[in-house]
Amino acid sequence: MAKDEAATKMKRKVYEKELHKLQVELCHLQEWVKANNLRVIVLFEGRDAAGKGGTIKALTEKVSPRVFRVVALPAPSDREKSQLFIQRYMQQFPAGGEIVIFDRSWYNRAGVEYVMGFCTPAEHKRFLSLCPQMEQYIIEGGIILIKLWLEVGMEEQERRFRARIDDPLRQWKLSPMDTESFRRWYEYSHARDLMLKATSTKHAPWYVIRSDDKRRARLNCISHLLKTIPYSRIRRDKVRLPKRSAKGRYNDQTALRAIKSVVERY
């Protein structure tokens, strides 16, 4: 990484300060979504190594998983392959008071399935044609739909892939499909362009987030969500801890001595 490029990267201290502010607002958004029984879908798509996982983690680490629910579906089973393409995704749609975050979504058909030949050209064309109509139905059904595309540059993607190869904590992130996507950069670019042109509509637009700087990308993503979902802070009564009751008082540690304990190595 060049020195001038490294200098433009957001410093950790600044990032953590801004992230804390945004995460506080996410907690207020959470209460608003619960109180108003809202249903929200957030789609995360983008290049491999664009930072989807880290962005989703920053978005969800301080809120309840019962409100912010992350869905990352594996490859479809033989049974799921025989269903309507979107059927397995619809099973994960939010109930009232939920925000469902799709880490990859039905747009797999416009990306990896199209590029790698897992669907036919006719199936790909049909998907791009019907997707805007399907999303119109979703929105008319009362769901807030937000679509995010994380875009990382060619050089930064290569740097991240090489870092994963050398890091035993991140090697699990590399699959044959990832390395193949690295080789087919321009095929994926073409698939992306076809997808954005066909499915970025007035009722369900795509929003591109530049993610060469992961920290800036995470902050920009959370800030965008907070602006996109109208919410207000809900006033809550201050919580006060009651006095512990002494009723039935006894030495409640004695019974634990008879149970095996984890060796305290630290």
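**Entry 1: terms and the sheet**

I take two strands as paired if DSSP finds at least two bridges between them. With that in hand, I opened the model, which is a predicted one. My starting example was Glu-45, and I found that this residue stands opposite Trp-149 in strand 4. The two strands involved are strand 1, residues 39-46, and strand 4, residues 144-151, and they pair in the parallel sense over seven bridges.

Next I asked myself in what order the five strands form the sheet. I read the order as 2-3-1-4-5, in an open sheet with parallel pairing. The edges are strand 2 (68-71) and strand 5 (206-210), as each of them pairs on one side only. I also looked up the twist: neighbouring strands of this sheet are turned by 25 degrees against each other on average, with direction ignored.

**Entry 2: strand 3 and its two partners**

I followed strand 3 (98-103) to both sides. Its parallel pairing with strand 1 runs over six bridges, and its parallel pairing with strand 2 runs over four bridges. One residue turned up in both lookups: Ile-101 is the bridge partner of Val-42, and Val-70 also stands opposite Ile-101.

Why is strand 3 largely enclosed by the rest of the structure? I checked its burial, and five of its six residues are buried, so the strand is largely enclosed.

**Entry 3: helix 3 over the sheet**

I moved on to helix 3, residues 52-60, and asked which strands it lies across. The list I got is strand 1, strand 2, strand 3 and strand 4, and the helix runs at about 150 degrees to strand 1.

I picked Thr-55 as a probe residue, since I wanted one that lies in helix 3. Thr-55 has 2% relative accessibility. Buried means under 20%, so Thr-55 counts as buried. I then listed its contacts, leaving aside neighbours within four places in sequence, and noted Phe-44, Leu-150, Arg-218 and Cys-221. Phe-44 falls in the range of strand 1, residues 39-46, and Leu-150 in that of strand 4, residues 144-151.

**Entry 4: two positive phi values**

I looked for residues other than glycine with a positive phi, and I wrote down two. Asn-37 has a phi near 55 degrees, and Ala-49 has a phi near 70 degrees. Where do they sit? I placed Asn-37 in the loop between helix 2 (12-35) and strand 1, and Ala-49 in the loop between strand 1 and helix 3.

Are they buried or exposed? Asn-37 counts as exposed because its relative accessibility is 53%. Ala-49, by contrast, counts as buried because its value is 6%.

**Entry 5: Asn-108**

My next stop was Asn-108, in the loop between strand 3 and helix 6 (112-116). Its relative accessibility is 17%, so I log it as buried. Leaving aside neighbours within four places in sequence, I found Asn-108 in contact with Glu-45, Tyr-89, Glu-113 and Tyr-114. I was pleased to meet Glu-45 again, the residue opposite Trp-149.

I also took one distance along this stretch: Asn-108 and Phe-118 are 10 residues apart along the chain, and their C-alpha atoms are separated by 10.0 Å.

**Entry 6: out to helix 7**

For a contrast I looked up Arg-126 in helix 7, residues 121-140. Its relative accessibility is 58%, so Arg-126 counts as exposed. I then took the C-alpha distance from Arg-126 to Ala-58 and got 35 Å, for a sequence gap of 68 residues.

**Entry 7: the whole chain**

Last, I collected the totals. I have 11 helices and five strands for the protein chain, and 40% of its 266 residues count as buried. Along the principal axes, the C-alpha atoms fill a box of roughly 70 × 50 × 40 Å.

How much of the contact set joins residues 24 or more positions apart? Among contacts with a separation of 6 or more, I note a share of 80%.

The chain exposes about 17,400 Å², and carbon and sulfur atoms supply 53% of that area. For charges, I noted 52 positive and 32 negative side chains, with the centres of the two sets lying 7 Å apart.

Methods
Residues numbered from 1 in each chain as written. Heavy atoms only, no water. Buried < 20%, exposed > 50% of the residue type's maximum accessible area, 1.4 Å probe, protein only. Contact = heavy atoms within 4.5 Å. Areas by Shrake-Rupley, 256 points an atom, 1.4 Å probe, with all protein chains shown as cover. Lys, Arg positive; Asp, Glu negative; His and termini not counted. Charge placed at Lys NZ, Arg CZ, Asp CG, Glu CD. Axes fitted to C-alpha atoms, helices over the stretch in contact; angles between N-to-C directions.
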